[in-house]
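Visitor: Please take me through this structure in order, and define each term when it is needed.

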Amino acid sequence: MKKIAVLGVGNILELDDGIAIYATKYLEHNYTFQPSIDLINGGVEGINLLNLFMEYDYILILDAIEIDDTPGAIYHIPSHKLTGYGLNSGGAHEIGVLQCFDILELMGKELPESSVLGIVPAKIDVKIGLSDTMHKQFAVYIEKLLEIIQGFGITVTKKDSNIVTVDAIIEEFINPKR
């Protein structure tokens, strides 16, 4: 079985740019996976994630992506179609993640299979949370994410305990427990 990671990248301090971080936490709180997969909050680490790309056979990268489309539109793009973008790729975390592929190639290392599950943000602003548009699309984004995970032959089971909502997850970031 392949070693699989779901990697959420983005900045929770910039409204919709944090949706992938919230999605990763949502999965962590509400689902189990068999065989297990690793759910990783990559935040804005970018290039610091290089070692991670050498540890997994497949990485599903979650991110808010700047594409000229309707806010909330969801794209599932193979990463090899995104490599080589270098400094022209967008935000700081996107630059680093894409550069990880370029650096691995330069090092002669094998690239992991990977893809990006991106969602077009409605608003990037200095605020923790989600715009109304992203809030409404969150369940659709999670549905697509779970569909991709199941496509790897992973059994997804909703936890029996109380469901943790995206609002509760956002609140955890606003007021972290000590």
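Guide: A salt bridge is a side-chain nitrogen of Lys or Arg within 4 Å of a carboxyl oxygen of Asp or Glu. The model is predicted, with local features needing pLDDT of at least 70 and side-chain atom pairs counted only at pLDDT 80 or more, while totals for chains, interfaces and linings use all residues. Residues are numbered from 1 along each chain as its sequence is written, and side-chain values use heavy atoms, leaving out hydrogens and water.

Visitor: With which residue does K144 form a salt bridge?

Guide: K144 and E147 both lie in helix 4, three residues apart, or about one turn; helices (H or I, at least four residues) and strands (E, at least two) are DSSP runs numbered from the N terminus. An α-helix has 3.6 residues a turn, so residues three or four places apart point the same way. The closest N and O atoms are 3.3 Å apart, and the partner of K144 is E147.

Visitor: How far apart are the closest N and O atoms of K25 and E28?

Guide: K25 and E28 also sit three residues apart, both in helix 1. K25 is partly exposed at 23% relative accessibility, as is E28 at 36%; buried means under 20% relative accessible area, exposed over 50%, and partly exposed in between, using a 1.4 Å probe and protein chains only. The two form a salt bridge whose closest N and O atoms are separated by 3.2 Å.

Visitor: Which residue meets E113 in a salt bridge?

Guide: E113 belongs to strand 6, and its partner lies 111 residues away in the segment before strand 1, which makes this a link between distant parts of the chain. E113 is partly exposed at 43% relative accessibility, and the partner is likewise partly exposed at 41%. With an N to O distance of 2.4 Å, the residue that meets E113 is K2.

Visitor: Which element gives the most to the largest nonpolar core?

Guide: A nonpolar core is a set of buried Ala, Val, Leu, Ile, Met, Phe, Trp, Tyr and Cys residues joined through side-chain atoms within 4.5 Å. The largest has 34 residues, of which F33, L62, F138, L145 and I149 touch the most other members. Elements giving two or more residues to this core include strand 2 (31–34), strand 4 (58–64) and helix 5 (166–174). With eight residues, the element that gives the most is helix 4.

Visitor: How many residues are in the second, separate core?

Guide: In soluble globular proteins, nonpolar side chains tend to be buried together. Here a second core, separate from the largest, includes L7, I40, L49 and I61, and its residue count is 14.

Visitor: How many of the twelve residues of helix 1 are buried?

Guide: The expected span of a helix is 1.5 Å times one less than its number of residues; helix 1 should therefore span 16 Å, which agrees with the 16 Å between its end C-alpha atoms. Its buried residues include I19, Y22, Y26 and N30. Helix 1 is mostly covered, the number of buried residues among its twelve being nine.

Visitor: Is the pair of Y26 and Y31 stacked or tilted?

Guide: Rings of Phe, Tyr and Trp (its six-membered ring) pair if their centres lie within 6.5 Å, and planes under 30 degrees apart count as stacked, over 60 as edge-to-face and the rest as tilted. Y26 is buried at 12% relative accessible area, and Y31 is buried at 11%. Ring pairs link these two and F138 into a cluster. The ring centres of Y26 and Y31 are 6.3 Å apart and the planes meet at 50°, so the pair is tilted.

Visitor: What is the omega of the cis peptide bond that joins Q34 and P35?

Guide: Most residues other than glycine have a negative phi, and most peptide bonds are trans. P35 is found in the loop between strand 2 and strand 3. The bond that joins Q34 and P35 is cis, with an omega of about -10°.

Visitor: Which residue has a positive phi although it is not a glycine?

Guide: The residue lies in the loop between strand 1 and helix 1. It is buried, with a relative accessible area of 5%. Its phi is about 50°, and the residue is L15.
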